Amino acid sequence: MKNIVMIAVGFLLASIFFWVSRVPSDRPTYKDAAIAKRATEPPVQPPSSIRWSRTYAEALALSKVSGKPVLIHFSGSSCSACRKMDRVTFQDPEVRSRIEQAFEPVYVNVGEDEETAIRFDVAGIPATHLVAQ
């Protein structure tokens with residue numbers, strides 16, 4: 001008899017757990033919080049010192065014409081290291097001239113173009129990838 005009661009209690013607890021886990025929660029998820037944060041942040045603008053392509057496809061098309069490899073720089077609006085690269089590294093005249101002479105650069109905001117970031121398996125930002133023809 002004791003075993004039957006224990007089995008019944010087990011089934012009862014399992015059913016309650018299943019029912020509770022199926023009830024929608026009013027609490028925001030991590031993804032909801034990330035979307036809300038992105039909506040309040042100003043959009044990332046590439047540093048104006050370099051002529052950046054707007055999309056990877058555009059840079060790839062330019063690369064086919066010029067024969068230069070594509071330099072993809074991944075950045076984000078909540079990344080302080082990215083902002084510092086924009087303010088310091090990309091403002092350096094020598095860096096700017098070497099990038100423009102040797103590459104077709106594209107600036108990718110991972111918050112706006114997640115597809116390209118996933119395609120290149122970007123694990124963290126800032127990140128820079130080179131794509132040769």
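Start with the aromatic rings of this predicted model, in which the count of aromatic pairs comes to 4. Select Trp-52 and Phe-90, whose ring centres lie 5.1 Å apart with their planes at 80 degrees, so that the pair is edge-to-face. Colouring by position along the chain will show that this pair links distant parts of it, since Trp-52 sits in the loop between helix 2 (30-40) and helix 3, while Phe-90 sits in the loop between helix 4 and helix 5 (93-102), 38 residues apart.

Keep Trp-52 selected and add Tyr-107, which forms with Trp-52 another edge-to-face pair, at 5.2 Å centre to centre and 70 degrees between the planes. Here the link runs from the loop between helix 2 and helix 3 to strand 2, across 55 residues. With Trp-52, Phe-90 and Tyr-107 displayed together, you have a cluster linked by ring pairs. Switch on the surface next: Trp-52 counts as buried at 12% relative accessibility, Tyr-107 is buried with a relative accessible area of 6%, and Phe-90 is buried too.

From Tyr-107, move to the sheet, which is open and has 3 strands in the order 2-1-3, with mixed pairing. Strand 2 (104-109) and strand 3 (127-131) stand at the edges with a single partner strand each, so one side of each is left without a neighbour in the sheet. Select strand 1 (residues 70-75) and strand 3, which run antiparallel and are joined by 5 bridges; Ile-72 stands opposite His-129 in strand 3.

Finally, show helix 3 (residues 56-66), which packs on the sheet and touches strand 1, strand 2 and strand 3, its direction making about 175 degrees with that of strand 2. Helix 4 (residues 80-87) also packs on the sheet, touching strand 1 and strand 2, at about 130 degrees to the direction of strand 1.

Conventions: Residues numbered from 1 in each chain as written. Predicted model: local features only at pLDDT ≥ 70, side-chain atom pairs only at ≥ 80, totals over all residues. Heavy atoms only, no water. Pairing = 2+ DSSP bridges. Helix = DSSP H or I, 4+ residues; strand = E, 2+ residues; numbered from the N terminus. Contact = heavy atoms within 4.5 Å. Axes fitted to C-alpha atoms, helices over the stretch in contact; angles between N-to-C directions. Phe/Tyr/Trp six-rings, centres within 6.5 Å; stacked < 30°, edge-to-face > 60°. Buried < 20%, exposed > 50% of the residue type's maximum accessible area, 1.4 Å probe, protein only.
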